[in-house]
Amino acid sequence: MVHNCFFAFILLLFIGNVSVFAQTKSTEIQTINSVQYYIHTVQAKETFYGLSKLYGVSIDDIQMSNDNLRSLSIGQQIKIHVVAETAP
C-alpha cells in the first residue's frame, strides 16, 4: 500500500511539473530569403532540446538558423525553420 501511494505521489509531482513548464509553439512566421521561420521568443526554462522537440527540428538546425547560436537567453528572439507536417 505504501509503495502504491509513493508511486502515485511521484506521478502527480511529475505531471504537475510538466504542465508548469509546458512550452508553447510560436504562431509568428516570417519569410527570410524565401525560407519560412517561426519567430520564437525564448522563455524561462526553455532549452535547445525542448525547442527542437516542440518544433520537430534538430538542435543543429536551430543553431545554424541563428548564426551558430550556442546559448539561449530569456526574451531572445530566435528563428526556427518551419517544417511541413506530414499526414499519418
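1. Let's start with Ala44, which sits in the loop between S2 and H2. Is Ala44 buried, exposed or something in between? With a relative accessible area of 48%, Ala44 is partly exposed, because the exposed class begins over 50%. Now look along the chain to Gly75: Ala44 and Gly75 are 31 residues apart in sequence, yet their C-alpha atoms are separated by 8.4 Å. Keep in mind that this is a predicted model.

2. Stay in that loop for a moment, since Lys45 also lies between S2 and H2. Lys45 counts as exposed, because its relative accessibility is 64%. Its backbone is worth a look too: phi of Lys45 is near 75 degrees, which is positive although the residue is not glycine. As background, most residues other than glycine have a negative phi.

3. Where else does a positive phi turn up? Try Asp67, where phi is near 55 degrees, again in a residue other than glycine. Asp67 belongs to the loop between helix H3 (59-65) and S3. Asp67 is exposed, because its relative accessible area is 75%. Asn33 is another one to click on: it takes a positive phi near 50 degrees in the hairpin of S1 and S2, a hairpin with two residues between the strands.

4. Time to zoom out. The protein has three helices and three strands. Reading from the N terminus, the order of elements is α-β-β-α-α-β. Of the contacts with a separation of 6 or more, 55% are between residues 24 or more positions apart.

5. Next, the sheet. Its three strands form an open sheet in the order S1-S2-S3, with antiparallel pairing. S1 and S3 are the edge strands, each pairing on one side only. From one strand to the next, the twist averages 40 degrees. In general, strands of a sheet pair through backbone hydrogen bonds, either parallel or antiparallel.

6. Now the two pairings, one at a time. Strand S1 (residues 29-32) pairs with S2 over four bridges, in the antiparallel sense. In this pairing Gln30 stands opposite Tyr37 of S2. Strand S2 (residues 35-41) also pairs with S3, antiparallel and over five bridges. Here Ile39 stands opposite Lys79 in S3. What is the bridge partner of Tyr37 in S3? That is His81, so if you follow Tyr37 you have a handy route across the sheet, given that strands pair through backbone hydrogen bonds.

7. Strand S3 (residues 77-81) is a nice one to rotate on screen. Which of its side chains are buried? Ile78 and Ile80 are, and they point to one face, while Gln77, Lys79 and His81 point to the other face and are not buried. This fits the general picture, in which side chains of a regular strand alternate between the two faces of the sheet.

8. On to the inside. The largest nonpolar core has eleven residues: Tyr38, Val42, Phe48, Leu51, Tyr55, Val57, Ile62, Leu69, Ile78, Ile80 and Val82. Helix H2 (48-55) and S3 are the elements that give two or more residues to this core. Which element supplies the largest share? It is H2, with three residues. As a rule, nonpolar side chains in soluble globular proteins tend to be buried together.

9. Tyr38 is one member of that core, and you can use it to explore the neighbourhood. Leaving out residues up to four places away in sequence, Tyr38 touches Lys25, Ser26, Glu28, Ile29, Tyr55, Ile78, Lys79, Ile80, His81 and Val82. Among these contacts, Ile78 and Ile80 are the buried residues of S3 from point 7.

10. Helix H2 also holds Ser52. Is Ser52 buried or exposed? Ser52 counts as buried, because its relative accessibility is 4% and the limit for buried is under 20%. Apart from residues up to four places away in sequence, Ser52 touches Val57, Ser58, Ile59 and Ile62. Val57 and Ile62 are both listed in the nonpolar core as well.

11. Last, the overall balance between inside and outside. What share of the residues is buried? Buried residues make up 24% of the 88 in the protein. The protein exposes about 6600 Å², and carbon and sulfur atoms supply 60% of that area.

Terms used
Residues numbered from 1 in each chain as written. Predicted model: local features only at pLDDT ≥ 70, side-chain atom pairs only at ≥ 80, totals over all residues. Heavy atoms only, no water. Buried < 20%, exposed > 50% of the residue type's maximum accessible area, 1.4 Å probe, protein only. Pairing = 2+ DSSP bridges. Contact = heavy atoms within 4.5 Å. Areas by Shrake-Rupley, 256 points an atom, 1.4 Å probe, with all protein chains shown as cover. Core = buried A, V, L, I, M, F, W, Y, C linked by side-chain atoms within 4.5 Å. Axes fitted to C-alpha atoms, helices over the stretch in contact; angles between N-to-C directions.
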